[in-house]
Amino acid sequence: MLARSALVTPLLLVLASPTIAQTATTATSPASEPAAATKAPDACRLLPQADLEALFPGRPITAKGPTLSPIHRGPQYAESCMYAVKLPSPTSKMDHARFASVTVIRWDGITRDRETPAQAFASIRATREKVAADPKLTLKLAPLTGIADEAFQETNSSSVVIRARKDDLIYAVSLDLYSEQTAPNALALTKQAAARWQGGVGMVEAPRQIATNSAVTVPADTRPSSVAPVEQWPDACALLTPAEVKAAFPDMMVSEPRKLMGKITHESRENRQEALPNPIGCQFEAKRTVEKDGKRTVELNQIQVSVRNVAATEDLSKRWFQSAVKVSEAKTPVAGLGDEAALDIMNRIHIRKGLTTVDVRVSGGERDQALHDQAKARVGELAKIVAGRLK
């Protein structure tokens, strides 16, 4: 038994020795990897939040965190980093998010058996030039100097992207379009990122801080106005004269017109109001005293002409008219008045002619069918006069 055991033991040692040797080799072979990993780029250090705070003073900034490089490239590093910046909207009182990011496109810290960084950057630029040559796209390319070793800028309808090479690092800085500050800000971020990288060394401290903007520029509101200029708005009291109202109510006393002034609002981040020079409303009262069932009763009608809207375009005028008709439930079309007209249950006729929408109303008889029908007939006659004076 002892002899047999003695024979087995050396054999087990021989069989085990390759495994032990292989394990030792696996554990010690990538001795260079930890050193390479320490020289890896860090996107969130290339573009720290402090840079954005300097460029967008006082604005809320949210860090979205880093995105790691794919595992198959070797030791992982922060390949990209993104931030959301809350900026004032030019068209409302709300703020909206604009994104800033940096992405490492290529780093030669581990693999060096491909084309040189300069050749790779030239290939990237040639590809982007082919894309920009497509007339269907709004992509514009421009070379940049004084940024890293070489760089070029891309501008499209939504963002500014600067692609740059510093030594063995190729990266892209992207900034959503906001105002005329966008391109200078993207340029400053790209230049600062280049100062934080040194080939063969890795991440370094930038020699100086990024220049601080004194304020965030709010872009101009370039939307065309939805309403016509004030001088195009008609005088409501010129659309229907006191004599014409008296002719429609011959058996009643008609008051002098009451003029109603108004303003139009130009919508933007800070809404601007502009006073209209002419009345947008003209109101008359017609009344008489009658005896019914031995009692004296006052019958009263209010006659009102209102300029509701003068739109900037005919398409907007049509849409505004349809909205007004829907809200007031004016379900009875009326022919022969402007481009389109409709009567609602309150004896109000909405009229659209060209860019202008007005309504003419005769109140009274809400609880008396005969008086209600009489008011409907009278508003129809007055609406013809008003429509005839609209341009």
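This briefing walks through one sheet, the helices that lie across it, and a few residues worth finding in the structure above. The model is a predicted one. The protein has 391 residues, of which 39% are buried, and its secondary structure comes to ten helices and 19 strands. Among contacts between residues at least 6 apart in sequence, 56% join residues that are at least 24 apart.

**The seven-stranded sheet**

- A good place to begin is an open sheet of seven strands, which follow the order β1-β2-β3-β7-β6-β5-β4.
- Its pairing is antiparallel; in general, strands of a sheet pair through backbone hydrogen bonds, in either a parallel or an antiparallel way.
- The edges are held by β1 (61–68) and β4 (140–144). Each of these two has a single partner strand, so one side of each is left without a neighbour in the sheet.
- On average, neighbouring strands here are turned by 15° against each other, direction ignored.
- To see one pairing up close, look at β1 and β2 (residues 78–88), which are joined in the antiparallel sense over seven bridges. Thr-67 stands opposite Ser-80 of β2.

**Helices across the sheet**

- Helix α5 (residues 117–132) lies across β3 (95–107), β4, β5 (150–155), β6 (159–166) and β7 (169–176). With β5, helix α5 makes an angle of about 20°.
- Helix α6 (residues 182–195) lies across β4, β5, β6 and β7, and runs at about 155° to β7.
- Thr-190 is a residue of helix α6, and it is buried, with a relative accessible area of 0%.
- Beyond its neighbours within four places in sequence, Thr-190 is in contact with Ile-147, Ile-162, Ala-164, Tyr-171 and Val-173.

**Lys-166, a buried charge**

- Lys-166 belongs to strand β6. This lysine is buried yet has no salt bridge.
- The nearest side chain of opposite charge is that of Asp-167, 4.7 Å away. A salt bridge needs a distance within 4 Å.
- The Lys-166 side chain does reach the backbone oxygen of Ala-194, at 2.8 Å.
- Not counting residues up to four places away in sequence, Lys-166 touches Ala-148, Asp-149, Tyr-171, Ala-194 and Trp-197.

**Two loop residues with positive phi**

- As background, most residues other than glycine have a negative phi.
- Ala-148, one of the residues touched by Lys-166, has a positive phi of about 55° although it is not a glycine.
- Ala-148 sits in the loop between β4 and β5, where it is partly exposed, with a relative accessible area of 28%.
- Asp-167 also has a positive phi, near 55°, in a residue other than glycine.
- The place to look for Asp-167 is the loop between β6 and β7. With 30% relative accessibility, Asp-167 counts as partly exposed.

**Further along the chain: Thr-289**

- Thr-289 is found in strand β14 (residues 281–292), and at 45% relative accessibility it counts as partly exposed.
- Leaving aside neighbours within four places in sequence, Thr-289 is in contact with Arg-296, Thr-297 and Val-298.
- Thr-289 and Met-253 are 36 residues apart along the chain, and their C-alpha atoms are separated by 9.7 Å.

Technical notes
Residues numbered from 1 in each chain as written. Predicted model: local features only at pLDDT ≥ 70, side-chain atom pairs only at ≥ 80, totals over all residues. Heavy atoms only, no water. Pairing = 2+ DSSP bridges. Helix = DSSP H or I, 4+ residues; strand = E, 2+ residues; numbered from the N terminus. Axes fitted to C-alpha atoms, helices over the stretch in contact; angles between N-to-C directions. Contact = heavy atoms within 4.5 Å. Buried < 20%, exposed > 50% of the residue type's maximum accessible area, 1.4 Å probe, protein only. Lys, Arg positive; Asp, Glu negative; His and termini not counted. Polar contact = N/O pair within 3.5 Å; in protein donor to acceptor, adjacent residues only side chain to side chain.
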